[in-house]
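Colleague: Before I take any of these labels at face value, I would like to hear how each one was reached. Could you take me through them, setting each value against its rule?

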Amino acid sequence: MALDLEEQEQVAELKAWWKTHGNFIVSVILAAALAFAGWQGWRWYSANQAAQAAGVFDGLVKAAQGGDAKALRDSAGTLIESYPRTLYAAMGALVAARFHYDRNDLKAARAQLQWAVDNAHSDDFRDIARLRLAAVVMDEKAYDEALKLLEAKHGAAYESQYAALRGDILVAKNQPAEARAAYKLALDKAGREQGAFRETVRMRLEALGG
């Protein structure tokens, strides 16, 4: 069917507009399609990585429970090397650190905790790892280094525990006045639900004369 004059003009305008902007429009559509495909691919990759990491983490926990040091080291190494961006890597480092600490292998415990502090993708895991690392460093009698670790920014939920450990370190440094202040801060920051924790801090404070 033949087009009337007005329709012919509209078609001509559309052709002219497409000639001017067509390449740009195609590029935008292609970029959007690629971005969507990339996002979908990343979601699949992340889910796949997490599933595989979960399996390795399960093996690590079983190794820890069974006292199998070699299996635990292998699993912890796999999590760090192959799945460092997953939460399982940080959790694995914390479990491995506790395993080594309980066996008085402070060097191995410290290495696992330091990795978590430097690489964990969760603020909570970094705060927990730093707290435990400071405790290990205190056991090594590197008191100033331990105190410096506790000065790092951390979540308010951990303020009471950081303050309590600071008090322990100051006691070890024979600085009772500063230790009392730290313990009082720990009690002030501890929640009502932390009854057992508050009691241990109160006992330490009373040992210093309140």
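Modeller: Let us begin with His154, whose side chain reaches the backbone oxygen of Ala152 at 2.8 Å. This is a predicted model, in which local features need pLDDT of at least 70 and side-chain atom pairs count only at pLDDT 80 or more, while totals for chains, interfaces and linings use all residues. Residues are numbered from 1 along each chain as its sequence is written, and side-chain values use heavy atoms, with hydrogens and water left out.

Colleague: What makes the approach of the side chain of His154 to the side chain of Glu159 a polar contact?

Modeller: The term covers a pair of N or O atoms within 3.5 Å, where, within protein, one must be able to donate a hydrogen and the other to accept it, and residues adjacent in sequence count only if both atoms are side-chain atoms. The two side chains, of His154 and Glu159, come to 2.8 Å, so the pair falls within the 3.5 Å limit.

Colleague: Is His154 buried or exposed, and how do you know?

Modeller: Buried means under 20% relative accessible area, exposed means over 50%, and partly exposed lies in between, with a 1.4 Å probe and protein chains only. His154 has 17% and therefore counts as buried, although it lies in the loop between helix H6 (143-150) and helix H7 (159-172). If contact is taken as heavy atoms within 4.5 Å, His154 touches Asp127, Glu159 and Tyr162, not counting residues up to four places away in sequence.

Colleague: How do you know what counts as a helix, and how many are there in the chain?

Modeller: Helices are DSSP runs of H or I with at least four residues, strands are runs of E with at least two, and both are numbered from the N terminus. By that rule the chain has nine helices and zero strands.

Colleague: Why is the pair formed by Phe57 and Tyr88 given the name it has, rather than stacked or edge-to-face?

Modeller: A pair of aromatic rings is described by the distance of the centres and the angle of the planes. Rings of Phe, Tyr and Trp (its six-membered ring) pair if their centres lie within 6.5 Å, and planes under 30 degrees apart count as stacked, over 60 as edge-to-face and the rest as tilted. The count by this rule is one aromatic pair. Phe57 and Tyr88 have ring centres 5.7 Å apart and planes at 50 degrees, so the pair is tilted. Phe57 belongs to helix H1 (residues 5-66) and Tyr88 to helix H3 (residues 87-102), so the pair ties together parts that are 31 residues apart in sequence.

Colleague: Which accessibility label does each of these two rings' residues, Phe57 and Tyr88, receive?

Modeller: Phe57, with a relative accessible area of 16%, is buried, whereas Tyr88, at 26%, counts as partly exposed.

Colleague: What makes you say that Arg103 lies over the face of Phe99?

Modeller: A charge sits over a ring if NZ of Lys or CZ of Arg is within 6 Å of the ring centre and within 35 degrees of the ring normal. Arg103 is placed at 3.7 Å from the ring centre of Phe99.

Colleague: And what makes a group of residues a nonpolar core?

Modeller: The name is given to a set of buried Ala, Val, Leu, Ile, Met, Phe, Trp, Tyr and Cys residues joined through side-chain atoms within 4.5 Å. The largest such core has 51 residues, and those with the most contacts inside it include Leu72, Leu113 and Ile169. Helix H5 (residues 123-139) supplies the largest share of this core, eight residues. Leaving aside neighbours within four places in sequence, Leu113 is in contact with Leu94, Ala97, Ala129, Arg132, Leu133 and Val136.

Colleague: Where does Asp144 lie, and which side chain does its own side chain contact?

Modeller: Asp144 lies in helix H6 and, at 53% relative accessibility, counts as exposed. Its side chain makes a polar contact with the side chain of Lys173 at 2.6 Å.

Colleague: What is notable about the backbone of Asn104 and Lys141?

Modeller: Neither is a glycine, yet Asn104 has a positive phi of about 60 degrees and Lys141 one of about 65 degrees. Asn104 sits in the loop between H3 and helix H4 (106-119), and Lys141 in the loop between H5 and H6. Asn104 is exposed at 62%, and Lys141 is exposed at 61%.
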